[in-house]
Amino acid sequence: MAAQGTAVVFTPSPLLTVTIEGQPDGTPEIHVHGGGQGVWIARMMASLGAQVRLTGPFGGESGEVLRPLIEREGIIPRPLEVPYTNGAYVHDRREGEREVVATHVPPTLERHDHDHLYDLTLVEGLEASVVVLGGPDGENVVEPETYRRLAADLTAHGIPVVVDLSGDYLKAAVEGGVHLLKVSHEELMDDGLATSEEPGELLRAAGELRAAGAANVVVSRAGEPALALLGDRAVSVETPSFERADHRGAGDSMTAGLAVGTATGLPLDQALMLGAAAGTLNTTRHGLATGERELIERLRERVTLSDL
């Protein structure tokens, strides 16, 4: 039996990220980190005290640099060695907004590498108290069917699966069956699952996703209160409002909090409050999916749920 608080994060395309920031005196400051959705979620989960194992392909110069960077975050890599290099990007934020300087798109996983990564994630996941399926950085890294199969196989063996996906990847994972789905209202509208951002319409779309295979659904709404279907209970999530330093990473932080709450056996409403606190506090920071556990747990006390 898995110990509470153990987690696996499936990461089909971990990235090497380089960000150039400006200091008050105009001197550039260069930050090098692991990135990609799975890495960002795993980072926040580790910050919240979970023991996180990350499965993903690592290869080439980028992969060699990535592994120690990820380990430094308190994440345990479970790497699949591949003969090609990981994806990477360089962003310049000295003017405030992110300017893309260079991007190396991660390649499609070859068939044998895909099968090895699937098996690695499956076996590691069977020993965890929660599995998070992170999305790919690019449309051709893995097929959506991979998400359906992983969700179905893990759910069939009683492992809670948490996902934060969109498009065909969302539909495939939900078809396999997931414990908890986090999705933004923009993604629901972009995917044609909701026709407007009105709360009633978003809850209707969430209800359809429940019927399709997601036991619980959380809809984030940028600066507006999140909505959730926790089983048959519909709630609105109220959090303190702060000026934003950077909105990027808030959704991944929320997903991480939801997953940690699931892994540690919190009731669904408490897991939702932890996720909301993690996402809200992340907006006050410049780092993606970063935050301090003590502060997030204290902020959770200021999150309220209202039944709808």
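Two strands pair if DSSP finds at least two bridges between them. Helices (H or I, at least four residues) and strands (E, at least two) are DSSP runs, numbered from the N terminus.

The model is predicted: local features need pLDDT of at least 70, side-chain atom pairs count only at pLDDT 80 or more, and totals for chains, interfaces and linings use all residues. Residues are numbered from 1 along each chain as its sequence is written, and side-chain values use heavy atoms, with hydrogens and water left out.

**Exercise 1. Describe the pairing of strand S2 with S3, then place both in their sheet.**

Step 1. Strand S2 covers residues 15-22 and pairs with S3 in the antiparallel sense, over 8 bridges. In this pairing, Val18 is opposite Val32 of S3.

Step 2. The open sheet has 4 strands in the order S3-S2-S6-S7, and its pairing is mixed. Strands S3 (28-35) and S7 (99-104) are the edges, each pairing on one side only. From one strand to the next, the twist averages 15°.

**Exercise 2. Find which strands helices H1 and H2 lie on, and at what angle to S3.**

Step 1. Angles run from 0 to 180 degrees between N-to-C directions, with axes as lines fitted to C-alpha atoms, for helices over the stretch in contact. Contact means heavy atoms within 4.5 Å.

Step 2. Helix H1 (residues 37-47) lies across S3 and strand S6 (87-92), at about 95° to S3.

Step 3. Helix H2 (residues 60-72) packs on the sheet and touches S2, S3 and S6. The direction of helix H2 makes about 90° with that of S3.

**Exercise 3. Work out which residues form the aromatic cluster.**

Step 1. Rings of Phe, Tyr and Trp (its six-membered ring) pair if their centres lie within 6.5 Å; planes under 30 degrees apart count as stacked, over 60 as edge-to-face and the rest as tilted. This rule gives 2 aromatic pairs.

Step 2. Phe10 and Tyr147 pair edge-to-face, with 5.6 Å centre to centre and 70° between the planes. Phe10 is in strand S1 (residues 6-10) and Tyr147 in helix H4 (residues 144-156), so the pair ties together parts 137 residues apart in sequence.

Step 3. Tyr147 and Tyr169 also pair edge-to-face, at 5.4 Å centre to centre and 75° between the planes. Tyr169 belongs to helix H5 (residues 167-176), 22 residues from Tyr147.

Step 4. Phe10, Tyr147 and Tyr169 therefore make one aromatic cluster.
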